[in-house]
Amino acid sequence: MSDFILKFWPQEDVQADKTEIIKQNFSQKSIVGEETEFWGKPAFKGGSKLNEYFEPKWDLAPQYFSTLFVKVAQSDYGVEQGVEDFEYIERKNVVSLLGAYGTVEEWSAMCAELEQITGDKYKGGWELL
């Protein structure tokens with residue numbers, strides 16, 4: 001089990017449920033693969049193009065990203081470092097990268113992809129479990 005989850009959430013509160021359009025676009029672009037379960041919840045296996053949205057690029061990236069799972073949730077939270085502790089931001093249309101272990105350092109391309117799909121600006125960050 002992972003000690004980290006990389007999460008993506010809209011910067012502003014959004015009322016509309018856009019999870020189906022995210023799932024459809026992710027599937028069409030091979031960001032996600034087949035549907036499955038992770039930690040007893042619906043998820044997708046990482047798709048063949050998932051690694052194209054993250055940095056750094058390294059030789060083992062395709063094998064690493066194929067072991068990850070992607071969850072698209074109608075309602076979830078983002079995590080930011082606050083002044084004294086972590087702050088949890090409740091949002092709709094949250095995407096989580098599960099099974100990761102902190103090797104991804106840059107994810108602006110994923111935030112840009114989510115903005116293109118939904119029209120909403122996204123933030124990303126690691127949640128330490």
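This passage walks through the fold of the protein chain, from its overall build down to a single lysine. The structure is a predicted model.

To start with the big picture, the protein chain holds three helices and six strands. Followed along the sequence, these elements come in the pattern β-α-β-β-α-β-β-α-β. The radius of gyration works out at 14 Å, close to the 14 Å that the globule rule gives for 129 residues, so the chain is as compact as a globular protein of that length. Along the principal axes, the C-alpha atoms take up a box of roughly 35 × 30 × 30 Å. Of the 129 residues, 44% are buried. The accessible surface amounts to about 7100 Å², and carbon and sulfur atoms supply 47% of that. How much do residues far apart in sequence contribute to the contacts? Among contacts with a separation of 6 or more, 67% link residues 24 or more positions apart.

Next comes the sheet. Strands in a sheet pair through backbone hydrogen bonds, and the pairing can be parallel or antiparallel. Here, six strands make an open sheet with antiparallel pairing, and the order across it is 2-3-4-5-1-6. Strand 2 (32-38) and strand 6 (122-128) sit at the edges, each pairing on one side only. On average, neighbouring strands are turned by 50 degrees against each other, direction ignored. Take one pair as an example: strand 1 (residues 4-10) and strand 5 (residues 86-98) run antiparallel and share four bridges. In this pairing, F8 stands opposite V95 of strand 5.

Two of the helices can be placed against these strands. Helix 1 (residues 19-28) lies across strands 2, 3 (41-46), 4 (69-81), 5 and 6, and it runs at about 110 degrees to strand 4. Helix 3 (residues 108-118), for its part, lies across strands 1, 5 and 6, with an angle of about 130 degrees to strand 6.

Finally, there is K7, a residue of strand 1. Is K7 buried or exposed? Its relative accessible area is just 2%, so K7 counts as buried, the cut-off being under 20%. What does the K7 side chain meet there? A polar contact of 3.3 Å ties it to the side chain of D76. Beyond its neighbours within four places in sequence, K7 is in contact with several residues, including Y77, V94, V95, S96, K123 and E127. V95 has thus come up twice: as the residue opposite F8 and as a contact of K7.

Definitions and conventions: Residues numbered from 1 in each chain as written. Predicted model: local features only at pLDDT ≥ 70, side-chain atom pairs only at ≥ 80, totals over all residues. Heavy atoms only, no water. Pairing = 2+ DSSP bridges. Axes fitted to C-alpha atoms, helices over the stretch in contact; angles between N-to-C directions. Contact = heavy atoms within 4.5 Å. Rg over C-alpha atoms; globule rule 2.2 N^0.38 Å. Buried < 20%, exposed > 50% of the residue type's maximum accessible area, 1.4 Å probe, protein only. Areas by Shrake-Rupley, 256 points an atom, 1.4 Å probe, with all protein chains shown as cover. Polar contact = N/O pair within 3.5 Å; in protein donor to acceptor, adjacent residues only side chain to side chain.
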